[in-house]
Amino acid sequence: MSKETASSGDKKYRPPATGFKWAGPRLERALNQATIRSPILRWLLSFLFLPMVCRFGMRINYSADNFYVEVPHKRFNRNAYGTIGGAALLANLELAAGSYLFMRTDGGHRLVCRNISYRFRLPSNNGLHFKIEPISQDIDEGIKSNKPFNAELKVNVYTRGDAPGKPGHRIGRGEVTFHLWPVQESE
């Protein structure tokens, strides 16, 4: 790989100066796909790298037909009034939408949240149930193109229903924009 200087005219990606090399894109993709399929590995990696996710107690149903995320009504998620706190709700909303995209790309893309907005309708005195659907229908085209793209998602937030996986009444709606780029084999 040739060294790039700040004065060079082309705008190619310049790697960080640390010289650190990740174990490889193949390992990254394999771990990504394994976390989608294995709840135990998902819990272990989230405990190591995202300890707050373990504290939230999220339950993710990775099903293409019925994808949903549930968050229990734990003390960690509540505010002083006994309802789900706004910051906890936004954090869980972002994680739920990111998990949906992670499932759709089968772990083949990295993603970062660019914009998130939420509109409160009602407070939640119960756990949360997130249902995600794409706003832009070009997500599959972006995945197949193997180039960076933006994905916009609509997240309906419900209270948890009487049975696991069943939503209660709707308490709000969020919109999230993610930027995705593929895990390249040539890195």
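Which residue in β4 is the bridge partner of Glu70? Keep that in mind while you set up the view. The answer comes at the second stop.

**Set up the view**

This is a predicted model. Colour the chain by secondary structure. You should find five helices and six strands. From the start of the sequence to its end, the order is α-α-α-β-β-α-β-β-α-β-β. The chain has 187 residues, and 36% of them count as buried.

**Stop 1: strand β2**

Select residues 68-71, which make up strand β2. Is each face of this strand covered or open? Both faces are covered. Tyr68 and Glu70 are buried on one side, and Val69 and Val71 are buried on the other.

**Stop 2: the neighbours of β2**

Add strand β1, residues 59-61. β1 and β2 run antiparallel and are joined by three bridges. Follow the chain from β1 to β2: a hairpin of six residues makes the link. Now click on Glu70. In β1, Arg59 stands opposite this residue.

Next, add strand β4, residues 128-134. β4 is also antiparallel to β2, with four bridges between them. Here is the answer to the opening question: Glu70 has His129 as its bridge partner in β4. Show Arg59, Glu70 and His129 together. Glu70 is opposite Arg59 and is bridged to His129.

**Stop 3: strands β3, β5 and β6**

Move to strand β6, residues 167-182. Two strands to show with it are β3 and β5.

- β3 pairs with β6 in the antiparallel sense, over 11 bridges. Pick Arg119 and look across to β6, where its bridge partner is Arg173.
- β5, residues 149-160, also pairs with β6 in the antiparallel sense, over 11 bridges. Pick Val157 here; Gly172 of β6 stands opposite.

Now trace the chain from β5 into β6. The two strands form a hairpin, with six residues between them. Stop at Gly165 in the turn, where phi is positive, at about 90°.

**Stop 4: two loop residues with positive phi**

Most residues other than glycine have a negative phi. Two exceptions are worth a click.

Select Asp106, in the loop between α4 and β3. Its phi is positive, about 55°, though the residue is not a glycine. Is Asp106 buried or partly exposed? Asp106 counts as partly exposed because its relative accessibility is 28%, which falls between the 20% and 50% cut-offs.

Then select Asn146, in the loop between α5 (139-145) and β5. Asn146 also has a positive phi, near 60°. With a relative accessible area of 43%, Asn146 is partly exposed.

**Stop 5: the largest pocket**

Turn on the surface and look for the largest pocket. Its volume is about 1,100 Å³. The lining consists of 31 residues. To find the centre, select Thr35, Ser46, Leu50, Ser99 and Phe102, which lie nearest to that point. The elements that each give two or more residues to the lining are α1 (25-37), α2, α3 (51-56), β1, α4 (86-104) and β3 (109-120). Which element gives the most? That is α2, with six residues.

**Stop 6: a nonpolar patch**

Stay with α2, residues 39-49, and select Trp43 within this helix. Then add Leu44, Phe47, Leu48, Phe49 and Leu50. Together with Trp43, these residues make a nonpolar surface patch of about 690 Å². Finish on Leu50: this residue belongs to the patch and is also one of those nearest the centre of the largest pocket.

Terms used. Residues numbered from 1 in each chain as written. Predicted model: local features only at pLDDT ≥ 70, side-chain atom pairs only at ≥ 80, totals over all residues. Heavy atoms only, no water. Patch = residues over 30% accessible without salt bridge, like charges linked within 9 Å, V, L, I, M, F, W, Y side chains within 5 Å. Areas by Shrake-Rupley, 256 points an atom, 1.4 Å probe, with all protein chains shown as cover. Salt bridge = Lys/Arg side-chain N within 4 Å of Asp/Glu carboxyl O. Buried < 20%, exposed > 50% of the residue type's maximum accessible area, 1.4 Å probe, protein only. Pairing = 2+ DSSP bridges. 1 Å grid on protein atoms, 1.4 Å probe; cavity = no way out; pocket = protein on both sides within 12 Å on 5 of 7 lines; lining within 4 Å. Points joined across faces, edges and corners; volume = space filled by probe spheres on them.
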